[in-house]
Amino acid sequence: MKYKREPEVPDGKAPFVDYFAGYFRENPDYQSKIVRSATDGDLVWLHVHSTNGDEDLGEAVVDIFRVENEMIVEHWDVIQSVPEEAANDNTMF
């Protein structure tokens, strides 16, 4: 199963929890490591390395959250697969 992001998840805490509980049951080897984070006003960024098992190179993810009254009210993300080989020496993280 390909990881589907929030556009497929209805608003609200319960639908979010239900969706990801099912995802984690189906993908028990899934892991996310926060590599760096930053804030600017009501925005929070997370640069994340997500993998699904030891053999998976994973994805580089930037999650952006807008926070209001100490709660997440909006979310966006940018996702790029980690390649086996790159044309340069730049790292994904």
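This is a short tour of a predicted model, going from the whole chain to its strands and then to a group of aromatic rings.

**Start with the whole chain**

Show everything as a cartoon and colour it by secondary structure. You should find one helix and four strands, arranged α-β-β-β-β from the N terminus on. Rotate the C-alpha trace along its principal axes, and it spans about 40 × 35 × 20 Å.

Now switch on the surface. The protein exposes about 7,100 Å², with carbon and sulfur atoms supplying 50% of that area. Of its 93 residues, 26% count as buried. If you colour by charge, there are 8 positive and 20 negative charges to find, and the mean positions of the two sets are 3 Å apart.

**Select residues 30–52**

Here strand E1 (residues 30–40) runs antiparallel to strand E2 (residues 43–52), and ten bridges join them. Follow the chain round the hairpin, where two residues lie between E1 and E2. Stop in that turn at glycine 41, whose phi is positive at about 65°. Then show side chains for alanine 38 and tryptophan 45: the alanine stands opposite the tryptophan, which belongs to E2.

**Extend the selection to residue 68**

Strand E3 (residues 59–68) now comes into view, paired with E2 in the antiparallel sense over eight bridges. For a landmark across this pairing, pick valine 48, which stands opposite valine 61 in E3. E2 and E3 also form a hairpin, this one with six residues between the strands. Glycine 53 sits in the turn and has a positive phi of about 110°.

**Go back to the helix and its rings**

Show the aromatic side chains. How many aromatic pairs does the count come to? There are six. One of them joins phenylalanine 16 and phenylalanine 20: the ring centres are 4.8 Å apart and the planes meet at 50°, so this pair is tilted. Both residues lie in helix H1 (residues 13–26), and because they are four residues apart there, about one helical turn separates them.

Is each ring's residue buried or partly exposed? Phenylalanine 16 is partly exposed at 41% relative accessibility, whereas phenylalanine 20 is buried at 7%.

Next, select phenylalanine 24 and tyrosine 30, another tilted pair, with 5.7 Å from centre to centre and 35° between the planes. Phenylalanine 24 is partly exposed, at 40% relative accessible area, while tyrosine 30 counts as buried at 16%.

To finish, select Phe16, Tyr19, Phe20, Tyr23, Phe24 and Tyr30 together: ring pairs link them into a cluster.

Conventions: Residues are numbered from 1 along each chain as its sequence is written. This is a predicted model: local features need pLDDT of at least 70, side-chain atom pairs count only at pLDDT 80 or more; totals for chains, interfaces and linings use all residues. Side-chain values use heavy atoms; hydrogens and water are left out. Two strands pair if DSSP finds at least two bridges between them. Rings of Phe, Tyr and Trp (its six-membered ring) pair if their centres lie within 6.5 Å; planes under 30 degrees apart count as stacked, over 60 as edge-to-face and the rest as tilted. Buried means under 20% relative accessible area, exposed over 50%, partly exposed in between (1.4 Å probe, protein chains only). Accessible areas come from the Shrake-Rupley method with a 1.4 Å probe; for residues, only the protein chains shown count as cover. Lys and Arg count as positive and Asp and Glu as negative; His and the chain ends are not counted. The place of a charge is taken as NZ of Lys, CZ of Arg, CG of Asp or CD of Glu.
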